[in-house]
Amino acid sequence: MLSRLQELRKEEETLLRVKAALHDQLTRLKTLGQMDNEAAINQTELQLSLQDHEEEEEEEESDS
């Protein structure tokens with residue numbers, strides 16, 4: 001009986017370590033996801049900024 005209890009305790013410890021590792025991995029993935037979203041937003045802002053700049057140059061050329 002005691003050995004079964006010891007086995008269950010070892011199993012519990014292992015599961016708790018796995019749970020902690022998965023939680024850490026999930027946190028890292030969420031952080032990466034946020035970074036990817038920020039990178040996409042920055043890229044979009046850059047594209048829009050360049051597009052606005054090109055449109056302003058075209059307007060200036062057509063006014064001349």
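Me: Before we start, what do buried, exposed and partly exposed mean here?
Reply: Happy to set that out, since this is a predicted model and the words rest on computed areas. Buried means under 20% relative accessible area and exposed means over 50%. Whatever falls in between is called partly exposed.

Me: Thanks! Is Glu13 buried, exposed or partly exposed?
Reply: The relative accessibility of Glu13 is 45%. The limits are 20% for buried and 50% for exposed, and 45% lies in between, so Glu13 counts as partly exposed.

Me: Which residue forms a salt bridge with Glu13?
Reply: Side chains of opposite charge can pair when their charged atoms come close. For Glu13, the closest N and O atoms of the pair are 3.9 Å apart, and the cut-off is within 4 Å. The partner sits four residues apart from Glu13 in helix 1, so about one helical turn separates the two. That partner is Arg17.

Me: And is Arg17 buried, exposed or partly exposed?
Reply: Arg17 has a relative accessible area of 54%. The exposed class takes values over 50%, so Arg17 is exposed.

Me: How many salt bridges are there in the model?
Reply: Besides Glu13 with Arg17, there is Glu7 with Arg4, where the closest N and O atoms are 3.4 Å apart. Glu7 and Arg4 both lie in helix 1, three residues apart, or about one turn of the helix. Glu7 is partly exposed at 45%, and Arg4 is partly exposed at 44%. The count of salt bridges is two.

Me: What secondary structure does the protein chain have?
Reply: Helix 1 covers residues 2-63. Gln6 has its place in helix 1, and Leu32 lies there as well. The full tally for the protein chain is one helix and zero strands.

Me: What is the radius of gyration of the protein chain?
Reply: A good starting point is the C-alpha trace, which spans about 95 × 10 × 5 Å along its principal axes. The C-alpha atoms of Gln6 and Glu59, 53 residues apart along the chain, are separated by 79 Å. A compact globule of 64 residues would have a radius of gyration near 11 Å, but for this protein chain the value is 28 Å.

Me: What share of the residues is buried?
Reply: Gln6, at 44% relative accessibility, is partly exposed, and Glu57, at 39%, is partly exposed too. The accessible surface of the protein chain comes to about 6300 Å², with 54% of it belonging to carbon and sulfur atoms. Of the 64 residues, the buried share is 0%.

Me: Which residues form the nonpolar patch on the surface?
Reply: One member is Leu32, which is partly exposed with a relative accessible area of 46%. A patch takes residues with over 30%, so Leu32 passes that limit. Together the patch residues have about 300 Å² of accessible area. They are Leu29, Leu32 and Met35.

Me: How far apart do the centres of the positive and negative side chains lie?
Reply: The negative surface patch is a helpful clue, with members including Asp52, Glu57 and Asp63. Glu57 is found in helix 1. Over the protein chain there are 7 positive and 18 negative side chains, and the distance between the centres of the two sets is 39 Å.

Key: Residues numbered from 1 in each chain as written. Predicted model: local features only at pLDDT ≥ 70, side-chain atom pairs only at ≥ 80, totals over all residues. Heavy atoms only, no water. Patch = residues over 30% accessible without salt bridge, like charges linked within 9 Å, V, L, I, M, F, W, Y side chains within 5 Å. Areas by Shrake-Rupley, 256 points an atom, 1.4 Å probe, with all protein chains shown as cover. Salt bridge = Lys/Arg side-chain N within 4 Å of Asp/Glu carboxyl O. Lys, Arg positive; Asp, Glu negative; His and termini not counted. Charge placed at Lys NZ, Arg CZ, Asp CG, Glu CD. Buried < 20%, exposed > 50% of the residue type's maximum accessible area, 1.4 Å probe, protein only. Rg over C-alpha atoms; globule rule 2.2 N^0.38 Å.
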